[in-house]
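Me: Could you give me a close look at one part of this model, with the cut-offs spelled out as you go? I'm mostly after helix packing and what is buried or exposed.

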Amino acid sequence: MMLEIVVITGMSGSGKSVALHALEDSGYYCVDNLPPELLDAFVALEHERHGHRVAVAMDVRSAESLPRLPQQLARLRSQGVQVRALFLDASTDTLVRRFSETRRRHPLSREALREGQGALAQTLELERELLAELREQSHVIDTSNLRPAQLLSYVKSLLPVPPDRLTLVFQSFAFKRGIPLDADYVFDVRMLPNPHYEPELRPLTGRDAPVAQFLLQQPEVDAMLSDIGSFLDRWLGAMARNHRSYVTVAIGCTGGQHRSVYLVEQLVRRFAGQWSTLLRHRELDGL
């Protein structure tokens, strides 16, 4: 059986240990903090052991050798190994808060916590620079507003999808809680008629039939769906030919409950027959 390897990288404090646990629960043999220079030897050992699903976590604890990793992953793919690269990210404010709450030091600086939040924020920006190339070549998951259970679910949802096929991730979100860092395209639908102002629809979501019926009757909603769909129809083939593995399309409204949820549901139905699709509702999945 072909060897599949999931490589988890990302910002310190972004939830890599949670993601690794999700993979371990799914039957992957997991190794944390594997130095990149040992990756080839590890893969060779797994071939000898007839392993077929492994996961490794790498981060700035191996800062000196991380620049080699993109080339290593490309070489493994050329050898027939199925490689899936996940990059976990979060806003700087979120990461600063997490480090402050846990009182752990950042791996790039022994002084970050003693010198205060300003120094820690600078250290995190340095880490972003070191990981920028890896981020560009990976599927990014923004964990800023995710509970651990949501992250577990999101990682597990990626596993059945073939890593060598373009996958569309449609995500609804609330602008009031920030734009997802993992979005490749962001569409603002706050100008559309809002079910929130209909008392009987306010407690419902865009997945409920009464809300869907309300939005279905609005010409602007149909026009927005048509425009987003036409854009994706025009460019997805080119992205697939450019060896893109994932494209994340984020649809945002004010509260992430009605309009964005409805549009994401409709877009998944439209594209599910053409591409691998995943559906996420950031504000609803954690409820």
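Reply: Alanine 44 is partly exposed, with a relative accessible area of 37%; here buried means under 20%, exposed over 50%, and partly exposed in between, using a 1.4 Å probe and protein chains only. Bear in mind that this is a predicted model, where local features need pLDDT of at least 70, side-chain atom pairs count only at pLDDT 80 or more, and totals for chains, interfaces and linings use all residues. Residues are numbered from 1 along each chain as its sequence is written, and side-chain values use heavy atoms, with hydrogens and water left out.

Alanine 44 sits in helix α2. Helices (H or I, at least four residues) and strands (E, at least two) are DSSP runs, numbered from the N terminus. Helix α2 covers residues 39–48 and packs on helix α3, residues 69–78, at about 25°, with the axes 11 Å apart. Those axes are lines fitted to C-alpha atoms over the stretch in contact, and the angles run from 0 to 180 degrees between N-to-C directions. That makes α2 and α3 roughly parallel, given that angles under 35 degrees count as roughly parallel, over 145 as roughly antiparallel, 65 to 115 as roughly perpendicular, and the rest as oblique. On the α2 side, Leu39, Asp40 and Val43 make the contact (heavy atoms within 4.5 Å), and α3 brings Leu69, Gln72, Leu73, Arg75 and Leu76. By type, that contact has five nonpolar residues, one polar and two charged.

In the loop between β2 (29–32) and α2 there's asparagine 33, which has a positive phi of about 55° although it is not a glycine. Asparagine 33 is partly exposed at 29% relative accessible area.

Now jump along the chain: leucine 263 is 219 residues from alanine 44, and their C-alpha atoms are separated by 46 Å. Leucine 263 is one of the buried residues of α9. Of the 13 residues in that helix, 10 are buried, so α9 is largely enclosed by the rest of the structure. What does the covering? Elements over the buried residues include β6 (167–174), α7 (209–216), α8, β8 (246–253), β9 (276–281) and α10 (282–285). As for length, the 13 residues of α9 should span 18 Å at 1.5 Å a residue (that is, 1.5 Å times one less than the number of residues), and its end C-alpha atoms are 19 Å apart, which agrees.

One of those covering elements, α8 (residues 219–241), packs with α9 (residues 259–271) at about 45°, again with axes 11 Å apart. The two helices are therefore oblique to each other. Residues meeting there include Val221, Met224 and Leu225 from α8, and Tyr262, Leu263 and Gln266 from α9. That contact divides into 10 nonpolar, four polar and two charged residues.

Past α8, histidine 243 lies in the loop leading to β8. Histidine 243 also has a positive phi, about 65°, without being a glycine, and at 70% relative accessibility it counts as exposed.

Strand β6 holds glutamine 171, which is buried at 3% relative accessible area. Setting aside neighbours within four places in sequence, its contacts include Val264, Thr248, Ile251 and Arg280.

Definitions and conventions: Ala, Val, Leu, Ile, Met, Phe, Trp, Tyr, Cys and Pro count as nonpolar, Asp, Glu, Lys and Arg as charged, and the others, Gly among them, as polar.
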